[in-house]
Each structure stands twice: as C-alpha cells, then as structure tokens.
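Reader: I would like to go through this model piece by piece. Can you show it to me?

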Amino acid sequence: MKGYHKSLGPARYAMKVDLMKASDSVQWDFVDATLITMGFPRTVIDWIMVCVTSCQFSINVNGELAGYFQGGRGLRQGDPLSPYLFVLCMEILSGLFYKMSANQEFKFHWRCKKDKISHFCFVDDLMIFSKGDVNSIRMIRTVLTKFQDLSGLYPNPNKSDIFLSGALNAEREQIIRILGFREGELPMKYLGVPLISSRLKAVYCKGLVDRITSKVQHWTCRTLSYGGRVQLINSVLFSIQVYWASLFLLPGQVIKNIEQIMKSFLWSGSDMRTTGAKVAWDQVCLPKKVGG
C-alpha cells in the first residue's frame with residue numbers, strides 16, 4: 001500500500017472486501033463439498049455435518065425465549081469447529097484466485113509481480129491486489145461472483161473499499177462500476193490497526209489510545225493490590241501496545257500518552273487520577289532484579 005496517497009507511478013489497485021454476514025451465510029452443501037475436496041473421510045464429514053446442521057435457535061422476546069426453529073445455513077460463532085470450517089471454505093476462494101492469477105491475461109500489482117501475490121486472506125478479512133487494468137478487474141469480479149454462487153458469501157458493497165493510484169479518471173470510474181464498491185480513503189482499519197500508505201502519525205493512533213483507556217475504565221479495581229494492577233498492565237495493556245509496535249514505529253507522543261494511562265491506572269485504578277504516585281515511573285519500569 002506504500003505510495004497509494006500519490007497519483008504518480010504505475011496504475012495499481014487494491015480492494016478490501018467485507019463478506020456480508022460471513023459466518024451466518026455459508027451454505028451447508030458448500031461446507032460438505034469443501035470437506036470432500038480436502039480429502040476428509042466420509043464418516044468424519046458426516047460427523048461434522050451432524051454437528052453443523054442439527055443446531056436449533058430461539059428468539060429472545062421481551063426477555064423470554066420464544067420457541068425453537070431449525071437452522072438452514074451458517075456456522076455458529078463460538079462453536080470450536082466453526083473457525084476451522086470457515087478457513088477451509090475460504091481456501092476454495094484462494095484456489096480460485098490462484099487459478100485466475102495463472103492466466104496470462106491477469107496483470108499483477110507491480111509490487112506483487114515477483115512473488116505472484118493476488119490476495120491476502122485472514123479468515124474473512126480479504127485484501128485483493130492487481131494492476132490498474134480493466135481486464136484484470138473483470139477477472140477478479142468473475143472470481144468473487146463464482147465464489148458467492150458456490151458458498152453463499154456475498155461481498156458487502158457498503159463496507160468494501162477500492163483504492164486506486166496512478167489511474168486515469170475514466171479508468172477509475174469504469175473499475176468502480178465493474179466492481180460495484182465505493183472508493184475508499186486511507187488510512188483504514190485492517191486486522192485491528194490502521195492501514196496507511198505513509199508514515200504513521202499520532203492522529204492515526206487514536207484507536208490504540210482509546211482501546212487502552214476503555215479497558216481501564218471498564219475494570220473494577222477496588223480490591224486489586226498494586227501487584228495485581230501491575231499484572232494487568234503487563235499482560236493486557238502493554239500487549240496491546242506491543243502488537244501495534246510490532247508493525248509501526250509509534251510516535252513519541254502516543255507512547256507518552258499510553259504510559260500516562262498505565263501510570264494513572266497503577267496508582268489510582270479506574271479513577272485515572274494523575275496524582276498520588278508512590279514511586280517514580282522510571283523506577284517502576286526497571287527490571288525487578290534492579291529494584292523495579
């Protein structure tokens with residue numbers, strides 16, 4: 001995505017696809033066919049499909065459960081089997097993309113040509129890349145249409161975004177019309193972090209600071225000792241920052257803001273007071289073997 005905020009360079013295209021009601025929309029016959037394709041024994045497939053298709057649902061009406069009815073499709077969220085089955089179903093989409101990218105008429109995104117990358121897929125978070133070429137866009141549209149006919153998983157046009165760079169206005173309009181998605185703007189959120197094309201700015205890290213603040217404000221900490229709060233800081237709050245820091249160089253101001261939140265939580269709990277520290281923060285952050 002580097003350089004997508006510029007209009008210079010070769011025409012290139014990226015799309016973030018949101019699958020509409022992904023877990024709830026998978027067709028059961030598609031799950032069965034996927035397991036057959038993956039080479040599962042018929043007996044095991046029958047066991048799995050019984051678990052998937054025998055579920056019943058009720059509706060909460062005015063605080064009371066009203067009746068039960070049989071499901072017709074979908075994978076239950078929270079079921080231990082569901083994530084594995086969904087990933088296997090998405091492998092079929094990857095197979096369609098691999099077959100498409102083997103066609104000489106498909107033109108790769110110039111940064112992806114060497115490794116022949118056409119898409120990234122993490123569960124239902126799908127990113128697709130290609131050259132800003134109308135024929136390539138039509139091929140991608142064909143793959144998405146074929147997959148939705150097979151699986152019941154439809155791209156959501158209201159939540160799917162197209163990012164174009166280096167393309168002429170006439171080509172941009174044609175590509176948007178073919179795909180039926182809106183033209184997006186960077187940064188956008190992908191896998192919990194902002195997807196950007198330039199250096200990370202403090203304003204893009206608001207989601208990180210807000211998430212850490214929300215965690216602290218929803219904890220009940222009156223009965224926690226200082227040691228207990230330290231454990232929460234190390235295991236929960238700091239791990240959120242580490243995830244972002246593994247991807248970006250965080251601005252200094254953002255790091256200061258996060259440290260202030262952690263310091264306030266340590267000494268005053270969810271009240272978040274900025275006074276009343278018992279020990280200097282630099283001392284607290286030292287390793288335990290040297291007195292931290």
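Reader: At about what angle does helix α4 run to β4?
Author: The model is predicted: local features need pLDDT of at least 70, side-chain atom pairs count only at pLDDT 80 or more, and totals for chains, interfaces and linings use all residues. Residues are numbered from 1 along each chain as its sequence is written, and side-chain values use heavy atoms, without hydrogens and water. Helices (H or I, at least four residues) and strands (E, at least two) are DSSP runs, numbered from the N terminus; contact means heavy atoms within 4.5 Å, and axes are lines fitted to C-alpha atoms, for helices over the stretch in contact, with angles from 0 to 180 degrees between N-to-C directions. Helix α4 (residues 82–101) lies across β4 and β5 (125–131), and its angle to β4 is about 175°.

Reader: Which strands are the edges of the open sheet?
Author: Two strands pair if DSSP finds at least two bridges between them. The open sheet has five strands with mixed pairing, in the order β4-β5-β1-β6-β7. Pairing on one side only marks the edge strands, β4 (119–122) and β7 (182–183).

Reader: Which residue in β6 is the bridge partner of Lys-16?
Author: Strands β1 (residues 12–18) and β6 (residues 161–165) share five bridges in the antiparallel sense. Lys-16 has as its partner in β6 Asp-161.

Reader: Which helix lies across β1, β6 and β7?
Author: This helix covers residues 169–179. The angle to β6 is about 160°. The helix is α6.

Reader: Is Phe-129 buried or exposed?
Author: Buried means under 20% relative accessible area, exposed over 50%, partly exposed in between (1.4 Å probe, protein chains only). Phe-120 has 42%, so Phe-120 is partly exposed. Phe-129 has a relative accessible area of 7%, so Phe-129 is buried.

Reader: What kind of aromatic pair do Trp-219 and Phe-265 form?
Author: Rings of Phe, Tyr and Trp (its six-membered ring) pair if their centres lie within 6.5 Å; planes under 30 degrees apart are stacked, over 60 edge-to-face, the rest tilted. Seven aromatic pairs meet this rule. Among them, Phe-120 and Phe-129 are edge-to-face, at 5.5 Å and 75°. For Trp-219 and Phe-265 the centres are 5.4 Å apart and the planes at 50°, so the pair is tilted.

Reader: How many residues apart are Trp-219 and Phe-265?
Author: Both are buried. Trp-219 sits in the loop between α7 (206–217) and α8 (226–245), and Phe-265 in helix α9. The pair links distant parts of the chain, 46 residues apart.
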